[in-house]
Amino acid sequence: MSSNQSSNEQLEGSSNSATSNEAKAKEVGGGGGGGGGVAVAVKTFWDLDGYKEVIRRSTNSNIQLNNLKKMLSERAQHEKAYADSLKKWGDSWKRTTELGTEEESFKEAWMGFVREAYAIRDVHEQMSVNLLQVRKRVSEWQTENFKKSSHLKHIEKDFKTTQDKWVERLNRVDHRQKKYYSACKAEFTVKNSAKSQVSSLHFTSAQLNLRSTLNSE
């Protein structure tokens, strides 16, 4: 195989590879109008503006933690209010039962309801305490791992400053890559067209013999 033929095959392979990569990108992104692709975010931290996803997640995570603390606090308040309500109800009916004129067996049945209310009250009061303890741990972790918003803005500015240094070079590389693949496709098209034209020619036996003789010389 000649060196020219090897070089041509490499260029052809590069062109096919570029076409294949474009097709895969469309398929991943749901392009092409077929509806069979799955929309997937393929940008990573190392891509252009990829750091913005890190900033967005950090900001949203801090907001979500604040919402989680609020939710835990509200649930703890409801549990405590329910426990206090049961205790108040139990105390009221305990006095009524003790001072009432009902038979002892009937009083015992009433007191069973009161004791049950006290037991349920203990469960919900302990749940309120546990929820507040969880909230405290979440708050401590948030304070330790999340900085103030001004610090986050400073980090975002540093990311952008660092990226601006190489984004211009990245654009030049992308532009030249597109030109290279375009040239590969154009060369591949011209060669295929030339092959088709040669194969479509009809030679007589004498012309073929003369061509073979010339090639052998």
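**Exercise 1. Leu152 and its surroundings**

Find the helix that holds Leu152 in this predicted model, and decide how exposed the residue is.

Solution.
- Step 1: Leu152 lies in helix H4, which covers residues 149-199.
- Step 2: The relative accessible area of Leu152 is 22%. Buried would require a value under 20%, and exposed a value over 50%. Leu152 therefore counts as partly exposed.
- Step 3: Apart from its neighbours within four places in sequence, Leu152 is in contact with Ile55, Ser58 and Thr59.
- Step 4: Thr59 is 93 residues away from Leu152 along the chain, yet their C-alpha atoms are separated by 8.1 Å.

**Exercise 2. Glu156**

Which residues does Glu156 contact, leaving aside its neighbours within four places in sequence?

Solution.
- Step 1: Glu156 is also placed in helix H4.
- Step 2: With those neighbours set aside, the contacts of Glu156 are Tyr51 and Ile55. Ile55 is also in contact with Leu152.
- Step 3: Along the chain, Tyr51 and Glu156 are 105 residues apart; between their C-alpha atoms there are 7.8 Å.
- Step 4: The relative accessible area of Glu156 is 32%, so this residue is partly exposed.
- Step 5: Tyr51 and Ile55, its two partners, both belong to the buried residues of H2.

**Exercise 3. Checking the length of two helices**

Test whether the end-to-end distances of H2 and H3 agree with 1.5 Å a residue.

Solution.
- Step 1: Take H2, which has 49 residues. The expected span uses one less than the number of residues, and for H2 this gives 72 Å.
- Step 2: The end C-alpha atoms of H2 are 72 Å apart, so the two values agree.
- Step 3: Take H3, residues 104-145, with 42 residues and an expected span of 62 Å.
- Step 4: The end C-alpha atoms of H3 are 61 Å apart, which agrees with the expected span.

**Exercise 4. How H2 and H3 pack**

Are H2 and H3 roughly parallel or roughly antiparallel?

Solution.
- Step 1: The axes of the two helices come within 8 Å, and they cross at roughly 160°.
- Step 2: This crossing angle makes H2 roughly antiparallel to H3, because angles over 145 degrees count as such.
- Step 3: The crossing of H2 past H3 is left-handed.
- Step 4: Helix H2, residues 51-99, is part of what covers the buried residues of H3.

**Exercise 5. The buried residues of H3**

List the buried residues of H3, then examine Gln142 and Lys107.

Solution.
- Step 1: The list for H3 consists of Lys107, Met111, Val114, Ala117, Arg121, His124, Ser128, Leu131, Val138, Ser139 and Gln142.
- Step 2: A general rule helps in reading such a list. An α-helix has 3.6 residues a turn, so residues three or four places apart point the same way.
- Step 3: Gln142, found in helix H3, has a relative accessible area of 7% and is therefore buried.
- Step 4: Leaving aside its neighbours within four places in sequence, Gln142 touches Asn62, Leu65, Asn66 and Lys69. Among these, Leu65 and Lys69 appear with the buried residues of H2.
- Step 5: Lys107, likewise in helix H3, is buried at a relative accessible area of 14%.
- Step 6: Thr97 is ten residues from Lys107 in sequence, and 6.1 Å from it in space, C-alpha to C-alpha. Thr97 is one of the buried residues of H2.

**Exercise 6. The chain as a whole**

How many helices and strands does the protein chain have, and what share of its residues is buried?

Solution.
- Step 1: There are five helices and zero strands, and the order from the N terminus is α-α-α-α-α.
- Step 2: Of the 217 residues, 14% count as buried.
- Step 3: The chain exposes about 17100 Å², of which carbon and sulfur atoms supply 55%.
- Step 4: Among contacts with a separation of 6 or more, 74% join residues 24 or more positions apart.

How values were computed
Residues are numbered from 1 along each chain as its sequence is written. This is a predicted model: local features need pLDDT of at least 70, side-chain atom pairs count only at pLDDT 80 or more; totals for chains, interfaces and linings use all residues. Side-chain values use heavy atoms; hydrogens and water are left out. Helices (H or I, at least four residues) and strands (E, at least two) are DSSP runs, numbered from the N terminus. Buried means under 20% relative accessible area, exposed over 50%, partly exposed in between (1.4 Å probe, protein chains only). Contact means heavy atoms within 4.5 Å. Accessible areas come from the Shrake-Rupley method with a 1.4 Å probe; for residues, only the protein chains shown count as cover. Axes are lines fitted to C-alpha atoms, for helices over the stretch in contact, and angles run from 0 to 180 degrees between N-to-C directions. Angles under 35 degrees count as roughly parallel, over 145 as roughly antiparallel, 65 to 115 as roughly perpendicular and the rest as oblique. A crossing is left-handed if the near helix is turned anticlockwise from the far one by less than a right angle, and right-handed if clockwise.
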